[in-house]
Amino acid sequence: MTGLQDRLTPEQVEEFGREVDELRQRIVSDLGKEDVDYIQNMIRTQRALEVVGRGLLFAGFFPPAWIAGVGALSLSKILDNMEIGHNVMHGQYDWTRIPELSSQRFEWDTLAPAENWRHSHNYVHHTYTNVLDKDRDIGYGILRMDEGQKWHPYYLGNPVYATLLAIFFQWGVMLHDLEVEKVVKGERKVSELKDVRARILRKAGRQLGKDYLLFPLLTGPLAPLTFLGNATANLTRNLWAFAIIFCGHFPADVESFTEEETESETRGQWYLRQILGSANIEGGKLFHILSGNLSHQIEHHLFPDIPARRYPGIAGEVRAICEKYGLPYHTGPLRKQLASVAKKIVKLALPGGRTEPSPAPEPATVRRERELTAA
Amino acid sequence: MAVQVPRLVPRGARRRARSLASLAEALLTPHGMDRYLELVDPMLVRREIRGVVTGVRRQTPDTVTLTVRPSRAWRGFSAGQYVRVSVDIDGVRRTRCYSPTCSEHGGQLELTVKAQENGLVSGHLHRHAAPGMVLGLSQPDGEFTLPARRPEKILLVSGGSGITPVLSMLRTLVDEGHPGEVVFLHYANTAADVLYRTELAELARRLPGLRVVLAHTHSGGGDLHGFFERAHLHRVAPWYHTAQTYLCGPLPLMDSVRATFEADGLSEQLNTEEFTPPPVPADGGATGQVRFARSGRETANSGKPLLDQAEDAGLRPEHGCRMGICFSCTKLKTSGCVRNARTGELSAEDNVEIQLCISIPVGDVEIQT
Ligand code: FES
C-alpha cells in the first residue's frame, strides 16, 4: 500500500490543501440565517415527534397507537442524536452565539454525556482519524476492524461483539469514553477518569430514569408497554446509528495509518488523511437528514465544524478535487457499504492481515511525477 | 418598613407546583422544560429571561424607545443598572448593554436605544423594533445605583443618550416622593436632541424638590448654554458639595465633571457610569496585555494564539486538536478583540466564546480562564 506521504508530492499536497481551505472559506463566509432556521426547524420537528411519540404511548393499549408512538419516538431519538446533537456538539453552530446551539452546552438524548463525547469524538477521533493506536473509534476497544490490529483468539468473537455493539450502541458509546483499554495498558490512571465516571453516572441515571421508570410509571397499567416502547425506540436508534457510523470508516477500501506516517502533518496532509480514511453513503434527501449527513462522512471529516446541511452541496466539488489529485472518493449505497463492513468484521475475526505493507496500485499523480522525472 | 404581602397561593399548592415542575424537568431531560415551552411561546420560558416589546416610539430621528414586558424569571433592577439585550441578526445572536430608563418600581422595562453609526444592534432595533418582537434579556448588572438610603441632596448629570440610567434614578425618586432636593442637569446639542422632554417637565411637576435644567451645547433656547463648566454647578446646585452626584454621558463631559470634582476634593461623592466605546482593533502587531481572569495571570501579548500564550504564562487550559476543529479550548472572552487565525475575522464583542487555539489577541484581551 502506498504510504500516506507518497500519495502526492509535497507541493501537490500543499496545493490540494489550499484548494480545500478555499472551499471551506467560501462556505464559512456564506453561513447565515438559513442555516440557523434549518437547525431550529429540525429541533422543532424533533421535539414535536418526541411529544407525539410519548403521548401516543399513553394510548399504547391500542396497537396502532403503540406502533406509531414507537415510530415517532425512534425518529425523534435519531434526529436528536444524528442531525442535531452530533452536529451541534461539533461546534457547527457556535458562530451563531445562540446558547441552545452551543457545542459547550448542548446535551443529547443518549447515555453518553456530551462533555465526555466531545473529548473522545471531537478531539480524539477527528484529530487522529484512522490512525492505529490513536483513533479509539477503530473497533471501539472491542472489535478488530483493521488488518493492522494484531490478531488474538479473542477476536474469533468479532461478529458476535459487533452484533452486541450494534444492539447496545448507546451503552458502547458511553463506556467508550472511559478508555478502559488505556487503563488496562497503564496509559491512563483510574483516578484521571473520576470526572468522566461521575458524569456518566449522572447522565445515565437521568436517561434511564425517564425512559425506563418515570414515563412507564406515568402510564399506570400500561407501564410494561411503555417500557417496551421506549426500549424499542432506543434499540432502533442504536442499530441505525451503528450502521451509519460503521459505514463511515470501515468499508473495504478505506485506509488506516500508522503514527509514524502522520507525524508533524501539515494541514494539507491532514485533509488528505481525512479523505482516505472516510467513506460516504449514497441516498436521498431524507436518508441524509436521518444520518445526520454523516452519509457525507468525507465532507464531514474535512470540515467537522461546518453545518452538516452544507455537505451535500459541496460533495461534488470535493469529489472533483479528489479526481484532480488522483485520490479515491469512497462512496456507495447503504447496502453495499454495510455488506462491505460486515465482510470485514467476519474476515478480521480470523488470523491474517497485513504485516508487510501490501502493494497497491500507484496513484496516477505519483506515477506521472515519476515519469516526468525519468523523462 | 417592609410590608407583608399576603400570600395569594397557599403554601401546599406552591410546593406541589414546584414538585410538578421538577417532575417535568426530569421527564424532559436532557433538554429541559424551557426548550419545549419556548416552542409554544418564547415568553413561557422559566429559567431564561425574555422580553416582549409592547410599545415602540421614536422621540428623535436617531433613537427608538421600547417598552418591554419581561418574562417571569425577571426579578427587577435597581435604577442605574444595565441589562444585556440580545437579538438575532443574520443568524447570529448579538448582545449589547442598555440601561432601562424607567423607574425601578413597576414591572415593565423601558429602553431607549440610539442608532450608532454602523451600530449593528442599535441600527437593527431602530429599523425593526415593533410590538411583539421578543428580545433576550439578562438579569441586571452594574454598581451605578442609588444607595438604599437615598441621599438627601442629589445631583444628576447626564449628556446625550447618557440620560438613560440617570433618568431611571430620577423616575425612581419621583415615584418614591423623595423629600430632599434633586437637580437633574442634562446636556444635549440642541433642543431637538433632548430625549424625554415632556416626561422631564411632567416629573418636575410631580416632585416639589426637583429642578430640571436643560443645557444646550450647540444652540440657544435652553436653561444653560455651552459645554459643562464649574459655573454651571454654582448656578444650578450651589450645594453640590453636600450632595451625591450621579454622572453619565459622553467622555468629554465625564472628563470635565470629573476634573472639577477632583479639584474640589469631592471625587468620593461623584458616582459615574461610562459608556465604553467598542474597542478599535489596532491593525497588525502584537500590542496590549492578555489577562487570564480566573487565574489572575497577565502577560504581554506575544502575537501567538491565546492557547500558546496561556501555556507560556504557565497555565494549562483544556485543549485537544490545537487546530480549531474540536472546540475543547472554547473559553469566554470577557473583553477585547481577537482575530480568528483561520478566517481572519475579528471579534470585538465582549462576553463571547472563542477557541483559544486559533484566536490571536489584538490589543488588550481578557479571557475567563
Ligand atoms: S484545541 Fe481543538 S479547537 Fe482548540
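Me: Which residue joins its side chain to that of Ser256(A) in a polar contact?

Reply: Welcome to this predicted model! Ser256(A) sits in the loop between helix 9 and helix 10 of chain A. With a relative accessibility of 7%, Ser256(A) counts as buried, because the limit for buried is under 20%. A polar contact of 2.6 Å links its side chain to that of Asp146(A).

Me: Is Glu259(A) buried or partly exposed?

Reply: Glu259(A) lies in the loop between helix 9 (223-249) and helix 10 (267-276) of chain A. Glu259(A) also belongs to a negative surface patch, together with Asp133(A), Glu187(A), Glu260(A) and Glu263(A). Its relative accessible area is 34%, so Glu259(A) is partly exposed.

Me: Which helix of chain A gives the largest share of the nonpolar patch?

Reply: The nonpolar patch lies on the surface, and its residues have about 670 Å² of accessible area together. Among them are Val160(A), Trp171(A) and Leu239(A). Helix 5, helix 6 (169-176) and helix 9 of chain A each supply at least two residues. The largest share, three residues, comes from helix 5.

Me: What is the relative accessibility of Leu239(A), a member of that patch?

Reply: Leu239(A) is placed in helix 9 of chain A. Leu239(A) counts as partly exposed, because its relative accessibility is 40%.

Me: What is the phi of Tyr140(A)?

Reply: Tyr140(A) is found in the loop between helix 4 (114-127) and helix 5 (158-167) of chain A. Its relative accessible area is 12%, so Tyr140(A) is buried. Tyr140(A) is not a glycine, and yet its phi is positive, at about 50°.

Me: Where is Asn293(A), a residue other than glycine with a positive phi?

Reply: The phi of Asn293(A) is near 60°. Asn293(A) counts as buried, because its relative accessibility is 3%. Its place is in the loop between helix 11 (285-290) and helix 12 (297-302) of chain A.

Me: How many residues apart in sequence are the parts tied together by Asp305(A) and Arg24(A)?

Reply: The side chains of Asp305(A) and Arg24(A) meet in a salt bridge, at 3.0 Å from N to O. Asp305(A) lies in the loop between helix 12 and helix 13 (311-324) of chain A, while Arg24(A) lies in helix 1 (residues 10-28) of chain A, so the pair ties together parts that are 281 residues apart in sequence.

Me: Are Asp305(A) and Arg24(A) buried or exposed?

Reply: Asp305(A) has a relative accessible area of 10%, so Asp305(A) is buried. The relative accessibility of Arg24(A) is 7%, so Arg24(A) also counts as buried.

Me: Which residue forms a salt bridge with Arg206(B)?

Reply: At 46% relative accessibility, Arg206(B) counts as partly exposed. Its salt bridge has its closest N and O atoms 3.3 Å apart, and the partner is Asp175(B). Arg206(B) lies in helix 5 (residues 197-206) of chain B and Asp175(B) in helix 4 (residues 163-176) of chain B, so parts 31 residues apart in sequence are tied together by Arg206(B) and Asp175(B).

Me: How many salt bridges does the structure hold over all chains?

Reply: Side chains of opposite charge can pair when their charged atoms come close. One such pair is the salt bridge of Glu274(B) and Arg258(B), whose closest N and O atoms are 2.8 Å apart. Over all chains, the structure holds 49 salt bridges.

Me: What share of the residues in chain B is buried?

Reply: Chain B has eight helices and 18 strands. Its C-alpha trace spans about 65 × 60 × 40 Å along the principal axes. Of its 369 residues, the buried ones make up 49%.

Me: Which residue is joined to Thr29(B) by a cis peptide bond?

Reply: The omega of this bond is about 5°. The partner lies in the loop between helix 1 (11-27) and helix 2 (33-40) of chain B, and that partner is Pro30(B).

Me: Is Arg15(B) buried or exposed?

Reply: Arg15(B) is found in helix 1 of chain B. A positive surface patch is formed by Arg15(B) with Arg11(B), Arg14(B), Arg16(B) and Arg18(B). The relative accessible area of Arg15(B) is 53%, so Arg15(B) is exposed.

Conventions: Residues numbered from 1 in each chain as written. Chains lettered and ligands numbered in written order. Predicted model: local features only at pLDDT ≥ 70, side-chain atom pairs only at ≥ 80, totals over all residues. Heavy atoms only, no water. Patch = residues over 30% accessible without salt bridge, like charges linked within 9 Å, V, L, I, M, F, W, Y side chains within 5 Å. Areas by Shrake-Rupley, 256 points an atom, 1.4 Å probe, with all protein chains shown as cover. Salt bridge = Lys/Arg side-chain N within 4 Å of Asp/Glu carboxyl O. Lys, Arg positive; Asp, Glu negative; His and termini not counted. Charge placed at Lys NZ, Arg CZ, Asp CG, Glu CD. Helix = DSSP H or I, 4+ residues; strand = E, 2+ residues; numbered from the N terminus. Buried < 20%, exposed > 50% of the residue type's maximum accessible area, 1.4 Å probe, protein only. Polar contact = N/O pair within 3.5 Å; in protein donor to acceptor, adjacent residues only side chain to side chain.
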